[in-house]
Amino acid sequence: MSSRYINKTICVVGLGYIGLPTATAFASRRIRVLGVDVSQRVVDTVNQGRIHIIEPDLDMLVQSAVSSGYLRASLKPEVSDVYLIAVPTPFKDDHQPDLSYIESAAKSIAPLLKSGDLVILESTSPVGATEQLAAWLAGFRSDLSFPHQRGEDSDVMVAHCPERVLPGKVVRELVENDRIIGGITPRCAEAAQALYKVFVTGSCVLTNARTAEMCKLTENAFRDVNIAFANELSLICDRMGISVWELIRLANLHPRVNILQPGPGVGGHCIAVDPWFLVSSAPEQARLIRTAREVNDSKPEWVIAKVESAIGQILKDHPGREASSIRIVCFGLSFKPDIDDIRESPAVGIVRALITRYPEQVVAVEPNLEGESLCVKGTTIPLLPYAGATASADVMVLLVDHKEFRTNVPALQRGQRVVDTRGIWI
Ligand code: SAJ
């Protein structure tokens, strides 16, 4: 282990999807970590050695980190040698970044800072946020110097080290992925590099804070633009009577073409958010990135229109049939396959919209959730087990390509209509 951090203490502010695994990774290398969160429930859960988020294998690691005494949680930060900020950076209604959580974190750690400390911003942030963090800290502590003021001679060092882990694979990717380490000065970057080397086996590549901020946004915007390309192709192909799935398979046989897969829209907490930070920083230049966001955000409406058109077709084929007798079964609610995370899921948005339009006619199948119903933002979504759900459907809407749906393709009965947003049933 990098000797520089032996016997040092780390305070991780924010115990969410990134903060908790990161705090645990340090603690599992026998570094004392205090995890801080504004939620008493989160603090209590972690102190009991349990987790409040869904992430494979993390529960065992947290349990062992807490029972060994290297990880504990609190509502308030305590004096430490390193402060690592992993709080949310959402956007506001106008798609402008909301840095208020970072500002609150700065306010909470500022009184504890001392000369020689390192402050790291992990939250995905717009370009300039790390310098803004240093400026906020300096505003609270005029007795200390910061790198934007004193360069390499500053009392406190500040760096940006964005996370790049894939939800569902966090435990492995946190250790194995290469990391971009951006210091406000080279000394800040080197100090942060030595810290991450405690548990990261991938490369820890140094740059400045602004490039590191931009790099993280670029990675997620790159994926968003590529998914938008696939989603746009799906609309074009539908209009032209071509299977987009076959088309992409064929085009990808070209050695320099690698098209991603269309879906019902882009969900999760990163790819649908981060590109807006680029758009808000450079609105006139980021035209493609903005359009990609709009293409992906409008895909759920297209799916809903497809369901409406399927219903219209059934009514046309059966003139005496009441519209209210049509039963719609939606398959999958999570934001991507084989997880139970439904936050920011386009599938949930589609199901809620269908329930509003067709009350009492919509049910969902989500193999990764238990229970007979799910309440989201005031809408109750009835849940059915997969077995038997297809038989009662007039319209089947495939929203997530979970392994259960991939490996057990239902046989279509006469008159049933399928809207397959993932291309696994058609
Ligand atoms: N999706 C498609 N078609 C595809 C791939 C994805 O429609 O071909 C959809 C998914 O269904 C999902 C959304 O995109 O709704 C996002 O899923 P994802 O698997 O692409 O990404 P996330 O949000 O789980 O994680 C991303 C990752 N970024 C990149 O791959 C560039 C991860 O490495 C980041 O750490 C994470 O964002 C983050 O925290 O920023």
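Let's start with an empty space: the largest cavity here has a volume of about 40 Å³. Keep in mind that you're looking at a predicted model. A search through the whole structure turns up 1 cavity of 30 Å³ or more. Its walls come from Arg164, Val165, Glu173, Leu174, Asn177, Asp178 and Arg179. Sorted by class, that lining has 2 nonpolar, 1 polar and 4 charged residues.

Now hop over to the ligand. Val165, one of the residues lining the cavity, also turns up here: along with Glu163, Lys216, Arg223 and Phe335, Val165 comes nearest to the ligand among the 20 residues around it. What mix of residues makes up this shell? There are 9 nonpolar, 3 polar and 8 charged ones. Helix H9, which spans residues 209-240, gives the most to the shell, with 5 residues.

Where does the ligand sit relative to the domains? Domain 1 (3-202) and domain 2 (221-420) both give residues to the shell, so the ligand lies between them.

Next, take a look at some polar contacts. An oxygen atom of the ligand is 2.6 Å from an N or O atom in the side chain of Lys216. The backbone joins in too: a polar backbone atom of Arg164 is 2.9 Å from a ligand oxygen, and for a polar backbone atom of Gly267 the distance to an oxygen atom of the ligand is 2.9 Å. As for how covered the ligand is, on its own it has 780 Å² of accessible area, and the protein covers 89% of that.

How values were computed: Residues are numbered from 1 along each chain as its sequence is written. This is a predicted model: local features need pLDDT of at least 70, side-chain atom pairs count only at pLDDT 80 or more; totals for chains, interfaces and linings use all residues. Side-chain values use heavy atoms; hydrogens and water are left out. A residue is near a molecule or strand if one of its heavy atoms lies within 4 Å of it. A polar contact is a pair of N or O atoms within 3.5 Å; within protein, one must be able to donate a hydrogen and the other to accept it, and residues adjacent in sequence count only if both atoms are side-chain atoms. Accessible areas come from the Shrake-Rupley method with a 1.4 Å probe; for residues, only the protein chains shown count as cover. Helices (H or I, at least four residues) and strands (E, at least two) are DSSP runs, numbered from the N terminus. Ala, Val, Leu, Ile, Met, Phe, Trp, Tyr, Cys and Pro count as nonpolar, Asp, Glu, Lys and Arg as charged, and the others, Gly among them, as polar. Domain bounds come from an automatic or database domain assignment. On a 1 Å grid over the protein atoms alone, a cavity is a set of points where a 1.4 Å probe fits but cannot get out, and a pocket is an open set with protein on both sides within 12 Å along at least five of seven lines; lining residues have an atom within 4 Å of a point. Grid points are joined across faces, edges and corners, and a volume is the space filled by probe spheres set on the points.
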